[in-house]
Amino acid sequence: MPQSRKEMEKIWDLVATYRSMERDGLIESIANHIEFSQCKNRYTTENFDVYRSFAISIRDRLVEFWNDTQQTYHKKQCKQVNYFSLEYLIGRSLTNNLLNLGLIDAGEAAIREIGYDLEELQELERDAGLGNGGLGRLAACFLESMATLQLPAHGYGIRYEFGIFKQKIEKGIQVEAPDNWLEEGYPWEIPRWEVVYPVHFYGRVKEYTNEEGSLCRKWIESEEVQAMAYDVPVAGFENHTVNNLRLWSAKPDKSFDFQLFNDGDYIQAVEETMRSGTISKVLYPNDQGFSGKELRLKQQYFFVAASLQDIIRRYKAHSETFDAFPELVAIQLNDTHPSIAIPELMRIFVDEEGLEWEKAWGITTQVFAYTNHTVLPEALERWSVDLMGRLLPRHLEIIYQINDLFLESVKKEYPEDVDLLRRVSFFEENDHKQIRMPYLSIVGSHTINGVAALHTDLLKTTVFEDFYKLFPKRFQNKTNGITPRLWLRNANPELSKLICDKIGDDWITNLKLLRQLEPFADDPEFQEAWLAVKRIKKKQLSQWLKNTCGVHVDPDSLFDVQIKRIHEYKRQLLNILHVIYLYNDMLEHPEHPYVPRTILFGGKAAPGYYMAKLIINLANDVARVINNDPAMQGRLNLIFVPNYNVSVAEKIIPATDLSQHISTAGTEASGTGNMKFVLNGALILGTMDGANIEIAEEVGVENIFTFGLNSNEVKNLTEYGYNPIIPFQKNPGLREVLSMINTGYFNREKPHLYNDLYNSLVFEDKYMLLEDFASYVECQQSVMKTWEDQETWTRMSILNTAGAGKFSSDRTIAEYAKDIWGLEAVTVELQGKKNR
């Protein structure tokens, strides 16, 4: 093996040219990978072999710039941000990588030259099962923007063997099937067999005296699991920056106990192997029982423990002390899932590196920043003290110590407010003592941010009011954003081309330039071209729905869409109530000229979420009744699209006319789906909640449809004492709708199936659907009236896209870099290779 640098240079000379970025070079790479990576020839090659060989050929080119990027960061010793997220909803990567590498045209030409269609190959790629909802999609957009802005960044997460689940609808019911997204391999990942770190669980803590005579604590007799790295390159748009997403897979500390095997105990011999692997087996296991909760906490600690070891290894390549750690390392916690990283870094500093507590804490709080994603008290993460003590005994001690020191400081500052200590303590004292992880995240971080202006204000005035009083300078707002490369340039190439023809293509990296479309909003010729693009996308979606769901939809009808995770606060049920109300009105007044409407639902309910699954069932039962009623043909159509994911969203969003974002005001942190729809010219129907408020400010409140209570009115009504019987009794149409649901009109075989939904609305109505119903119906009537005036509707559509510039994730990440991370862009230095 070569030992000297000179001998290594000989090897390097063999790969001293960059892979060709032209059509013929791509064809050569594809052919080589078909033969040498797939082991196929011209007689045995199948479509998937071509897709995989093409993907690996693109990855080869990513890896070249990935190596240059990592070497540049190493040489420049620049500050780097490390993004900790339990989810990354990447979707498909082929088209995005082609675009960002500048290979769209060459790639399409290469595939066409060898007799294949790029769009058909794209459909062979599986969505990566690394995320579930908005949290994971936001993380994916953020990583892409970090690379586009040339920011030194690393993503860290878990390489789940199975995604959340594959949703099937059987007799209207959600049925969960395993999402084995890795069964055919994942061509974008690079296994790092040499990057493996030990992660420990269980055991006990031992007190001992060190050589200096000080009392120390040590975690001993623990179980060990190995965390192995898999790297996924993340390319910036048309620059040479390719950052890294490092995902951890759990491996056993020892693969097999041969003594047990030889003794005939086969099951016990492999038990440890099987138990270790469950940590990275599935995204979000059902945590209704103790074992599920333990696995969730294991997953969270597993990935942050491995990631911190990786960060410290990289830091120690240049530094012998930790004095400069905050100047070179930033860690962003994407929600509270990674918050166990705070006590883990303290454990490493104090127990392993020998730092004094005060110094270690000073460094830790300069490194971490925390993004909160919810204002719902029930969604704020808590862990049982018993569980934490059993699984991570040393961390429980450290959390107690951090809490004690924090409460001492609070007591000194506010000695008169006795109850304040109880309110801000990490520990919730009840029958089952729990640790409030958001509180740990706030105290252990230098910055806390919300993800929309209203959300941040609510954090300061409701759930974290006491902490805002203690740390007012720590709280910031960073309104979420989306990457325009995926959500407009790739998802809607027809609209992208129309825009580029009118204002150029600089908007792809400076989305505010879309404002230049405003003068064309009243241009009849531009309106006609805009409508033509929308019709193309609607026809494409209609054909896809026919092929995948077996349903026929009219592309000339109003496409009314609500696609998002199914949850009571997102109020899909309010939408369903209106659909039934509309159905009844059409039956009662068939002579009225109704706007033909196709209503699309999509989204998954958590497997253990009974009410959400009931809402899915009701949506499908209502669809069955309406779609089979001859009186509704050509007038009203309802479809629940199964297994909603990123690639499905890419088909639905560009074709949407009306997009519903109707959460109870004050419950949605931000939402990013609304941004994607607006960017593609859909009009919003929504409450003044989350980012809807800022969208209204940017596109003009006259260009969206709003209804319902605002967050202050919700708060006041709650405090006054909301009684859902009042709006129930006031509205005969609403009573009829609820009666139909409650008496089995939509499910004759199970007439009492929806009694719980009925009772939850009439006797509690936590999310005020009945209170907002009349306003919602009135708003829907305004939608129909506006749709009839296609010139006005098209004008509003153009102005929505023109006003979407603020909602680029590039803007959001630039704000994080400047205001939170103290990070500057770094230009990647190419490593002396020649271009072919």
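Begin with the cysteines: a search of the whole structure finds 0 disulfides, a disulfide being a pair of cysteine sulfur atoms within 2.5 Å. The model on screen is predicted, so that local features need pLDDT of at least 70 and side-chain atom pairs count only at pLDDT 80 or more, while totals for chains, interfaces and linings use all residues. Residues are numbered from 1 along each chain as its sequence is written, and side-chain values use heavy atoms, with hydrogens and water left out.

**Cysteines**

Select C500 together with C141, where the closest cysteine sulfur to that of C500 is found, at 19 Å, which is too far for a bond. C500 is partly exposed, with a relative accessible area of 24%, whereas C216, at 19% relative accessibility, counts as buried; the terms used here are buried for under 20% relative accessible area, exposed for over 50%, and partly exposed for values in between, with a 1.4 Å probe and protein chains only.

Next select C39, in the loop between α2 and α3 (47–76). C39 is exposed, with a relative accessible area of 62%, and has a positive phi of about 55 degrees although it is not a glycine. Helices in this tour are DSSP runs of H or I with at least four residues, and strands are runs of E with at least two, numbered from the N terminus.

**Helix α2 against helix α5**

From C39, step back to helix α2 (residues 23–36) and add helix α5 (residues 104–113), which pack with their axes 8 Å apart at an angle of about 55 degrees. Two packed helices are described by the angle between their axes and the distance between the axes. The axes are lines fitted to C-alpha atoms, for helices over the stretch in contact, and the angles run from 0 to 180 degrees between N-to-C directions. α2 and α5 are therefore oblique to each other, given that angles under 35 degrees count as roughly parallel, over 145 as roughly antiparallel, 65 to 115 as roughly perpendicular and the rest as oblique.

The crossing of α2 and α5 is right-handed; a crossing is right-handed if the near helix is turned clockwise from the far one by less than a right angle, and left-handed if anticlockwise. To display the contact (heavy atoms within 4.5 Å), show R23, L26, I27 and I30 in α2 with A106, G107, A109, A110, I111 and E113 in α5. By class, this contact of α2 with α5 has 7 nonpolar, 1 polar and 2 charged residues, where Ala, Val, Leu, Ile, Met, Phe, Trp, Tyr, Cys and Pro count as nonpolar, Asp, Glu, Lys and Arg as charged, and the others, Gly among them, as polar.

**D335 and R489**

Move to D335, in the loop between β11 (329–334) and α12 (341–352). D335 is buried, with a relative accessible area of 11%, and its phi is near 75 degrees, a positive value in a residue other than glycine.

Then select R489, which has its place in helix α20 (residues 484–490). Leaving aside residues up to four places away in sequence, R489 touches L99, I104, P484, S496, W507 and I508. The C-alpha atoms of R489 and D505 are separated by 9.8 Å, with these positions 16 residues apart along the chain.

**Helix α23 and two partners**

Select helix α23 (residues 572–588) with helix α32 (residues 769–787), whose axes come within 10 Å and cross at roughly 60 degrees. α23 and α32 are therefore oblique to each other, and their crossing is right-handed. On the α23 side the contact is made by L573, L574, N575, L577, H578, Y581 and L582, and on the α32 side by L769, F773, Y776, V777, Q780 and M784. These residues divide into 10 nonpolar, 3 polar and no charged.

Keep α23 and replace its partner with helix α24 (residues 610–627): the axes come within 10 Å and cross at roughly 20 degrees. α23 and α24 are therefore roughly parallel to each other, with a left-handed crossing. Here Q572, L573, I576, V579, I580 and Y583 in α23 meet I615, L618, A619, V622, V625 and I626 in α24, a set that divides into 11 nonpolar, 1 polar and no charged.

**Last stop: G708**

Finish at G708, in the loop between β23 (705–706) and α28 (711–720). G708 is partly exposed, with a relative accessible area of 31%, and touches E713, D772 and S775, not counting residues up to four places away in sequence. G708 and S775 are 67 residues apart in sequence but 5.7 Å apart in space, C-alpha to C-alpha.
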